[in-house]
Amino acid sequence: MTESVLSHVRIEDGVLRIAVATAERGTSLSPTGMTQGIEALRTAGADAGAVLLVGEGANFCAGGDVRAFATAPDRGEFVGDVARLFHDFVRALDAARMPVVAAVQGWAAGAGMSIVLHADIALGGPSTKLRPAYPSIGFTPDGGMSWTLPRIVGVARAREIILTDCVLNADEAVRLGVLSRLVADDEVQGEAMRVARTLANGPTAAYAGIRRLVADSMGRSLSEQLDAEADAISAAATTATGIEGVDAFVEKRRPDFESIHRG
């Protein structure tokens, strides 16, 4: 079955919504979603202040399309092409100045789990499950899982999870920091959209700085990070966002970050 050409991307209330998988592909990773997502992440600009990643189906994303792997004339070339497209999407997510929220309903396996690990905030429900899934088909990870998971749960635990193809239930995923928190299964997408909308209307320039500071911290010493924080907060104080935030505090009113972002 060929994938629908309908858009997997839309901007709603300042939120860039990207469908990483669709029901018609068995909620496997969507090449169309990746391609459209890359372009949207690079061009959204002032139209969006947050990213929401969703799966359009029972699951968030059940991994790569294994049936397509099996029927490819050259499996190595085909899988490599899929991985390179997926990795371009991951790089675009990483480069985005906007906070990234994931609505993780059902299964997030293989590539789906890799995507969740790149979210700033990942919401799940009691029925949410995550699984590396790569060893079950004799593959190694892609999508950055071997880089992100050790940074979230520690190297030893990451090795165990990936090597044993461990299924993480929702509670364990929250305990390990893979998921941020849980809501009712039927509220995952709605609550994730609410969080993304709130972020989109917030101090987006500050969020961009926060994301970069946290991302870069792993490669710096404490002293280097302190220098980077001093530079960042000094720069933030002179931005429209920083000026509005301080002035609103002094004037005892709610800051109007939304008009700055839309301006």
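A student and a tutor talk through the labels given to parts of this predicted model.

Student: Why is S114 called buried?

Tutor: Its relative accessibility is 0%. Buried means under 20%. S114 therefore counts as buried. The residue sits in helix α4 (residues 111–116).

Student: Which residues does S114 contact, leaving aside its neighbours within four places in sequence?

Tutor: F86, Y134, D142, G143 and M145.

Student: What makes E172 partly exposed?

Tutor: The relative accessible area of E172 is 22%. Buried needs a value under 20%, and exposed needs one over 50%. E172 falls in between, so it is called partly exposed. E172 belongs to helix α7 (residues 170–176). Its C-alpha lies 9.8 Å from that of L130, with the two positions 42 residues apart in sequence numbering.

Student: Why is α5 called oblique to α6?

Tutor: The axes of α5 (residues 145–153) and α6 (residues 155–163) cross at roughly 130° and come within 7 Å. Roughly perpendicular covers 65 to 115 degrees, and roughly antiparallel starts over 145. An angle of roughly 130° fits neither range, so α5 is oblique to α6. The crossing is right-handed.

Student: Which residues meet there?

Tutor: From α5, M145, L149, P150 and V153. From α6, V155, R157, A158, I161 and I162. By class, this contact has 8 nonpolar, no polar and 1 charged residues.

Student: How do α1 and α3 pack?

Tutor: Helix α1 (residues 31–43) packs on α3 at an angle of about 35°, with the axes 9 Å apart. The crossing of α1 and α3 is left-handed. P31, M34, T35, G37, I38 and L41 of α1 meet L85, F86, D88, F89, A92 and L93 of α3. The residues of that contact divide into 9 nonpolar, 2 polar and 1 charged.

Student: What makes β1 and β9 edge strands?

Tutor: Start with the sheet. It is open, has 6 strands in the order β1-β2-β3-β4-β6-β9, and its pairing is mixed. β1 (9–12) and β9 (181–182) each pair on one side only. That makes them the edge strands.

Student: How do you know that β2 and β3 are paired?

Tutor: Pairing takes at least two bridges. Strand β2 (residues 15–22) and strand β3 (residues 50–56) are joined by 7 bridges, so they pair. The two run parallel. V15 has A50 as its bridge partner in β3, and T22 stands opposite E56. Helix α3 (residues 75–95) packs on this sheet, touching β2, β3 and β4 (100–104). The direction of α3 makes about 145° with that of β3.

Student: Why is β3 called largely enclosed?

Tutor: 6 of its 7 residues are buried. The rest of the structure therefore largely encloses β3.

Student: What makes β5 and β8 the edges of the other sheet?

Tutor: That open sheet has 3 strands in the order β5-β7-β8, with mixed pairing. β5 (107–109) and β8 (168–169) each have a single partner strand, so one side of each lacks a neighbour in the sheet.

Student: How do you know that β5 pairs with β7?

Tutor: Again, at least two bridges are needed. β5 and strand β7 (residues 129–131) share 3 bridges, so they pair, and they do so in the parallel sense. One bridge puts W107 with K129 of β7.

Key: Residues are numbered from 1 along each chain as its sequence is written. This is a predicted model: local features need pLDDT of at least 70, side-chain atom pairs count only at pLDDT 80 or more; totals for chains, interfaces and linings use all residues. Side-chain values use heavy atoms; hydrogens and water are left out. Axes are lines fitted to C-alpha atoms, for helices over the stretch in contact, and angles run from 0 to 180 degrees between N-to-C directions. Helices (H or I, at least four residues) and strands (E, at least two) are DSSP runs, numbered from the N terminus. Angles under 35 degrees count as roughly parallel, over 145 as roughly antiparallel, 65 to 115 as roughly perpendicular and the rest as oblique. A crossing is left-handed if the near helix is turned anticlockwise from the far one by less than a right angle, and right-handed if clockwise. Contact means heavy atoms within 4.5 Å. Ala, Val, Leu, Ile, Met, Phe, Trp, Tyr, Cys and Pro count as nonpolar, Asp, Glu, Lys and Arg as charged, and the others, Gly among them, as polar. Buried means under 20% relative accessible area, exposed over 50%, partly exposed in between (1.4 Å probe, protein chains only).
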